[in-house]
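Visitor: Please take a close look at a single part of this model and walk me through it slowly. I am in my first year, so plain words would help.

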Amino acid sequence: MAVKVTLLGTGVGIPHSGRSQSSLMMEGQGTLLFDCGAGSLLRLSQAGAMVPQLDAVFLTHLHLDHSSDLLPLANAKYLMGEGEIRVFGPEGTELFLQRSLAAYPYLNRMAMEIQELAPGDGVDLKGFSISCAGAIHSVTALGYRIESQGNTVAYSGDTEPSGEIAEMASGADLLIHECSFPEPYQITNHTTPVRLAETIQDVGRIVLTHLYPQAAGHEGEMARTVAMGTKVPVEVGRDLQIIDI
Ligand SMILES: [Zn+2]
Ligand SMILES: [Zn+2]
């Protein structure tokens, strides 16, 4: 069975018309969500996803724009008759969710199974083999490599261009990498096109995500810059875009 990737949210913490906050869904034998920023729940319904059938959520890090729809998602699962949700995330995820849930005592009806991951860890789940690597960001953050029946997708989460993330993505059919700002922005903790192109090698195709409003109108040049440097097809992702691998 092929793997179907749906970009649910390609935006950031600053409102940007047409771009919901970070989230993507992978469907194969099971259904996994990677990040769950604000707007993910709406996008899931627009994508026709069956929320009760989501098997697990993998968080790259705990910033709001990657995690703020997690409790609403868990609550929706409960309201739709499926109370259990599995959550994977970096160090600190368990305490983060304990504290978040403490603000909503009635949500203790939900069964939430939480597993923290460190760079190099791996998980086998529903026909997917998932491993992670450390990203370079302002908080502890992971990127994920997801393999299923000979197909490989890598997702950077939020990061500066990183050798560890590049190595994790090596050989992937598809790399979904953040590219927050166009040139000539000079930034830390996030990615710009020239540095991304210098770092990434040996992937089949790249889709850029996590675009700040400053990227609006520059999508074409961002994709061309990364494509020129990496010599592979590159496009800027859009919300609800479906990519079959
Ligand atoms: Zn972040
Ligand atoms: Zn972010």
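**A metal site**

Guide: His210 is a buried residue, with a relative accessible area of 2%. This is a predicted model, and the part to look at is the site of the zinc ion (ligand 2), where His210 is one of the coordinating residues. The zinc ion (ligand 2) is held through Asp65 (OD), His66 (NE2), Asp158 (OD) and His210 (NE2), at 2.1 to 2.2 Å.

The angles among these four donor atoms run from 88 to 166 degrees, and the site is irregular. A tetrahedral site would need all angles between 85 and 135 degrees, so the value of 166 degrees rules that label out.

Along the chain, the donors of the zinc ion (ligand 2) have the spacing D-H-x91-D-x51-H. Distant parts of the chain are linked in this way: Asp65 sits in helix H2 (residues 64–67), while His210 sits in the loop between strand E12 (206–209) and helix H7 (219–230), and the two are 145 residues apart. Asp65 counts as buried because its relative accessibility is 10%, and buried means under 20%. His210, at 2%, falls under that cut-off as well.

Asp158 has a further part to play: it bridges the zinc ion (ligand 2) and the zinc ion (ligand 1). These two zinc ions lie 3.5 Å apart.

To sum up the site, Asp65, His66, Asp158 and His210 coordinate the zinc ion (ligand 2), and Asp158 also links this ion to the zinc ion (ligand 1).

How values were computed
Residues numbered from 1 in each chain as written. Chains lettered and ligands numbered in written order. Predicted model: local features only at pLDDT ≥ 70, side-chain atom pairs only at ≥ 80, totals over all residues. Heavy atoms only, no water. Donors = N, O, S within 2.8 Å, 3.2 Å for Na, K, Ca; no water. Tetrahedral: all angles 85-135°; square planar, octahedral: opposite > 155°, others 65-115°. Helix = DSSP H or I, 4+ residues; strand = E, 2+ residues; numbered from the N terminus. Buried < 20%, exposed > 50% of the residue type's maximum accessible area, 1.4 Å probe, protein only.
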